[in-house]
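Thank you all for making time this morning. I would like to walk through one structure with you, beginning with a pair of strands and working outwards from there to the sheets, the helices, the domains and the ligand.

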Amino acid sequence: MVEKQGTGFLMGTFTKRALVIGGGIAGIQAALDIADGGYEVILVERSPSIGGHMIQYAEVFPTLDCPQCILTPKMVEIAQHPNVKLMTCAEVQKVSGGPGNFEVEILQKSRRVDHNKCNGCGTCWQKCPEKTLSEYDDAMAKRTAVYIPFPQAVPAKPVIDCDHCRYIRYQEWMAGTRTGKKPPQCRICEKLCPVGAIDWEQKDEVITEKVGAIVVATGFDLMPISLIPEYAEDPDVLNGIQFERLLSPGGPTAGVVTRPSDGKVPKEMVFVSCCGSRDPEHGVPYCSRVCCMYLAKQALLYKHAVPDGQAYIFYIDIRSTGKGYEEFIQRVQSDGVVYLRGKVSKIFRDGDKLRVYGADTLSGKRVEIAADLVVLGMAVMPSAGTKEVAAKLGIDLDDSGFVSESHAKFNPLETTVPGIFVAGMAQGPKDIPDAVAQGSGAAGRVLTFFAQAGKELVVV
Ligand SMILES: Cc1cc2nc3c(=O)[nH]c(=O)nc-3n(C[C@H](O)[C@H](O)[C@H](O)COP(=O)(O)OP(=O)(O)OC[C@H]3O[C@@H](n4cnc5c(N)ncnc54)[C@H](O)[C@@H]3O)c2cc1C
């Protein structure tokens with residue numbers, strides 16, 4: 001159990017070593033800044049690679065940089081930094097102690113691949129016969145059972161997905177823990193691996209580490225489309241991340257925008273803002289902050305990909321408060337994207353088209369569009385990981401499930417437990433520049449906290 005000290009003296013054992021939970025852009029930035037400040041940092045990421053959501057995008061507003069180009073160098077720096085211990089496929093299991101002296105149990109999940117032997121040659125994932133939906137492509141494409149999530153993954157070494165690997169399913173069937181038809185034995189990855197890195201006996205491991213400070217950077221999830229029954233669940237109704245993958249040159253269609261249902265190029269596209277956000281009826285009263293901007297970006301990128309296509313954006317208000325954001329919206333509008341001020345009441349399949357019923361409150365008219373493809377700006381929600389981690393750390397969450405600050409104005413990066421800090425979407429919806437600023441800010445707070453060892457701990 002974490003000691004929730006209000007005030008006290010940071011005396012006795014004080015470990016000047018930090019833990020960052022979550023390897024998205026906020027956690028990456030926090031870890032790099034702490035490491036560059038001269039302290040050891042453990043970065044724990046639950047998925048097989050760091051990068052978070054940013055690495056899934058085609059381009060990023062407002063500058064339209066390629067995220068793979070600007071984020072990959074930071075990811076590689078994490079892997080090579082002498083002060084960073086990177087743990088992927090890992091989760092914090094238990095935390096005890098208190099500020100300056102936390103003891104953390106980290107569950108290192110088995111990858112069934114010995115990363116000390118593996119040279120990342122790719123033979124295993126190129127030859128694996130079993131396919132399942134790719135998390136990186138948000139189910140828009142398939143990956144193999146032994147896989148790296150994407151070409152720029154860090155670490156660039158594979159893991160075996162135990163739920164889909166034929167041989168592991170075979171072993172379970174033989175042990176009587178799996179029912180149904182006997183799965184084939186396979187083991188092709190093991191047969192072809194030139195360095196003998198496949199390790200079927202590798203087990204989960206619990207590693208105990210001592211740290212003085214913790215940064216929570218567990219990010220966000222998107223609200224599932226199924227929570228809005230008025231909008232059809234249809235292969236041609238996508239969330240924002242799925243459309244990023246369609247736009248991406250490294251995505252399932254190599255950046256050619258086509259409809260998932262039939263591969264046709266969509267000529268009429270509708271983008272819908274505030275799907276769930278600012279809508280207490282669907283449980284999310286707050287503004288998700290990034291949807292106005294990313295839908296504008298996506299409509300612009302669609303126009304670049306399909307110059308004779310027509311894009312419509314339904315919006316309540318356009319929230320474009322970042323630097324260069326208003327100018328970006330004006331550019332999108334002048335490039336021919338049509339903005340319709342009003343909510344969409346219904347989306348349903350009608351033959352080859354998707355009928356989108358909405359209102360244009362500026363003209364006072366009902367609008368009906370026969371669309372080929374629809375993108376929903378689904379609400380940003382606290383990630384499942386945030387809730388789990390908060391319970392283990394004993395930090396408070398706000399009414400919406402984001403991490404509470406110890407003081408919303410003066411301590412925006414401190415949680416309700418001294419020595420535990422927060423950065424990025426785990427604290428609330430925000431764009432990449434703000435997530436980076438918070439990552440650096442949280443790292444700065446960690447370094448200041450380390451400098452306070454032996455002094456009185458004062459909490460505002
Ligand atoms: C469709 C879409 C497009 C966007 N486009 C842009 C854009 O163009 N420009 C822009 O500025 N912003 C954009 N954004 C916003 C941007 O995605 C966020 O600002 C950014 O990803 C926040 O980074 P983060 O590190 O806080 O969270 P995330 O990117 O969500 O990373 C969190 C990480 O924590 C890990 N994690 C979660 N729980 C645990 C746990 N318990 N233990 C260990 N690890 C855990 C996750 O696996 C993940 O790797 C967009 C958002 C969306 C939805």
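Let me start with strand E19, residues 353–360, and strand E20, residues 365–371, which pair in the antiparallel sense over seven bridges; strands here, like helices, are DSSP runs numbered from the N terminus, with at least two residues for a strand (E) and at least four for a helix (H or I), and two strands are said to pair if DSSP finds at least two bridges between them. Before going further I should say that this is a predicted model, in which local features need pLDDT of at least 70 and side-chain atom pairs count only at pLDDT 80 or more, while totals for chains, interfaces and linings use all residues. Residues are numbered from 1 along each chain as its sequence is written.

Within that pair, Ala359 has Arg366 in E20 as its bridge partner, and in the hairpin, where four residues lie between the strands, Gly364 takes a positive phi near 75°. On the other side, E18 and E19 are antiparallel as well, over six bridges, with Leu354 in E19 as the bridge partner of Arg349. Together they give an open sheet of three strands in the order E18-E19-E20, with antiparallel pairing. Strand E18 (344–350) and E20 stand at its edges with a single partner strand each, so one side of each is left without a neighbour in the sheet.

A second open sheet has five strands in the order E4-E3-E2-E12-E23, and here the pairing is parallel. Its edge strands are E4 (84–87) and E23 (420–422), each of which pairs on one side only, and the twist averages 20° from one strand to the next. Strand E12, residues 213–216, is joined to E23 by three bridges, and Val215 stands opposite Phe421 in E23. Helix H1 packs on this sheet, touching strand E2 (17–21), strand E3 (40–44), E4 and E12, and its direction makes about 165° with that of E3; such angles run from 0 to 180 degrees between N-to-C directions, and axes are lines fitted to C-alpha atoms, for helices over the stretch in contact.

H1 also packs against H10, at an angle of about 35° and with the axes 8 Å apart. Among the residues making that contact are Ala26, Ala30 and Ile34 of H1, and Ala435, Gly439 and Ala443 of H10, where contact requires C-beta atoms, placed from the backbone, to lie within 7 Å. By class, the contact has eleven nonpolar, five polar and one charged residues, counting Ala, Val, Leu, Ile, Met, Phe, Trp, Tyr, Cys and Pro as nonpolar, Asp, Glu, Lys and Arg as charged, and the others, Gly among them, as polar.

On a broader scale, the protein is divided into domain 1 (8–109 + 205–219 + 383–457), domain 2 (123–192) and domain 3 (222–380), with bounds that come from an automatic or database domain assignment. The C-alpha centres of domain 2 and domain 3 lie 34 Å apart, and their contact takes five residues from domain 2 and eight residues from domain 3.

Which residues, then, come nearest to the ligand? Of the 40 residues around it, they are Gly24, Gly52, Gly219, Gly385 and Gly424, a residue being near if its C-beta atom, placed from the backbone, lies within 6 Å. The shell divides into 19 nonpolar, 13 polar and eight charged residues, and draws at least three residues from each of domain 1 and domain 3. H1 and H10 are among the elements that each supply at least two residues of that shell.

Key:
Contact = placed C-beta atoms within 7 Å.
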